[in-house]
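These are my notebook entries on a structure that I examined for the first time. I set down what I looked up, entry by entry.

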Amino acid sequence: MSSAREMSDGELVGRVSGGDETAFREILRRYRERVLAICLRMLKNRTEAEEAAQDSFVKAYYHLESFDKSRDFSAWLAGIAINECRDRLRKRSRFRKLFREIPENDLGSRQVSQDEDYESKVRIRAIENAIEQLPEKLREVLVLRAYADYSYEEIAGILNIEIGTVMSRLHRSRAKLTEIIKRGTRQ
Amino acid sequence: MNRCEQIEKLLWDYPDLKASDSGKLLAHIENCPRCKAALAGIEAIRESRKADRSLISKIDPEVFDNAVLGKVRAQRSFPESKSEGRQFIFRTVSSIGLAAAIVIFMIMSISDLGNLPAFKPVDRGSSPDSGEAYNILEIRLRSDDLFEAPAAYSDIEPRKKSSPKAPFSILEKPITSPSPDSVNIGAVYLSDETVPMMSQQMRASISEVLIDTGMIQQANIPQAILVTVEKMPRAINIVAPEYPAWGRKRGLSCVVWVKARVDRNGMVTDVEIISSSVSAAGFEDAALDAAKKSSYLPAESNGIRIPVWIMYPVKFIYSK
């Protein structure tokens, strides 16, 4: 296991293609949290996020041949996770048209520990609702930057857009969030 | 870019700036509503991110990794499922089928309503549970062609004639223990021979589904809810029980029916004995112990994992 830990992503991918389960477990260990962070913030449902993250890894496993080793593996994986979330959100909106008011948001009722102050709880709720209100394109960029720590260059690679577009989307999403927060504090 | 825009960009890109910046910057933020709002946003995102991380830390990495590996293995052993095209056709056909079933179900419910404003339960006819409170809810499990609706529900969907006795099975083949005495798990299934058990199982599943999805607070009872299990649990590891020493010594054979709850992670969280042909010879305990150690890929409904109950017979057959 220690040798797998020392390997680069490229080496691990090569090993996984050769059927090495230990290498795949190492990939899971390295990127589990990051992929979960993306899915959780995009889907706002822990169970579905877990499921989407698992499916992203399964898809990555079965499409390793198409992975260009000159690219960053973590960005490629994040791209798969984002696509998985998009599919699920689309499916969810179709489902919503059929069945009204199915509560799918279990982060909305997030458990807050006793010592966590009420104001902080309100702030978190407000910002999460504000993020949810953002258009999908702006939300994706914001989640990748603020929740999964990807750089502008990496985000450009993940979403297949120019760095300038990343920056402008990020700027617009921040401006919208600031606007929503300002409105909230005025009330 | 004006001063406020510059400060805002700095704050977003370097969230820890606040700790080390100069008093001037702080004074500006304090007096500028725009920068103040930006800082509040950054702090709120940081808190929300922290809360997300704490939620993620509650996910057991081992369970997560095993679920991923289980899914990889499940697809590997069924190479045809890799075909995206076929999957798409299958999904489309099953979606159309499901939609048709829902429409038929709704039409039948509406036609039963008559002029009454409230929901009227579907008449169960000879169902052993007819007239009971659970009639207000309805759950139906459906899957491949192997599944057959129990007799009590034949008014909703006609039976499939092609497989009169074929049960729903999540096993490819029977599981037999390696010991010389045969312990055989025939199939994990729901069959029409077990209507009373089926009703019990349905009732359990309804409450599970409602409680686990949080719908119990929202559910507008009485109201008809159709929950469809698209994917039944798939076996990853079914453990065959040990032949109990006492039973072997006495040369006893036995059939034990086990009911198990498979949760969202595919783990067995609850087991019960439905019936046993021989009691007090250790067969029930052996079957229960083995059932607890088994694991599955969880059942799914609309792409969301849900807990369900499954049941199966464990046949202890004394061979000498």
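I began with helix α4 (residues 33-57) of chain B, helices being DSSP runs of H or I with at least four residues, numbered from the N terminus. Its 25 residues should span 36 Å at 1.5 Å a residue, and its end C-alpha atoms are 36 Å apart, which agrees; the expected span is 1.5 Å times one less than the number of residues.

I noted that this is a predicted model, in which local features need pLDDT of at least 70, side-chain atom pairs count only at pLDDT 80 or more, and totals for chains, interfaces and linings use all residues. Residues are numbered from 1 along each chain as its sequence is written, and chains are lettered from A and ligands numbered from 1 in the order in which they are written.

I then looked up burial (20 or more other C-beta atoms within 10 Å of a residue's own, all placed from the backbone). In α4(B), the buried residues include B:C35, B:L39, B:I45, B:R49 and B:D52. Of the 320 residues in chain B, 27% are buried.

Next I turned to the contact of the chains, counting C-beta atoms, placed from the backbone, within 7 Å. I found 39 residues of chain A in contact with 34 residues of chain B. On the chain A side, α4(A) supplies the largest share, 10 residues.

Last, I searched for nonpolar cores, sets of buried Ala, Val, Leu, Ile, Met, Phe, Trp, Tyr and Cys residues joined through C-beta atoms within 7 Å. The largest has 62 residues, and A:A78 is among those with the most contacts inside it. The largest share of this core, 13 residues, comes from α3(A). A second, separate core of 27 residues includes B:M232 and B:V256.

How values were computed
Two residues are in contact if their C-beta atoms, placed from the backbone, lie within 7 Å. Helices (H or I, at least four residues) and strands (E, at least two) are DSSP runs, numbered from the N terminus. A residue is buried if 20 or more other C-beta atoms lie within 10 Å of its own, exposed if 12 or fewer, and partly exposed in between; C-beta atoms are placed from the backbone.
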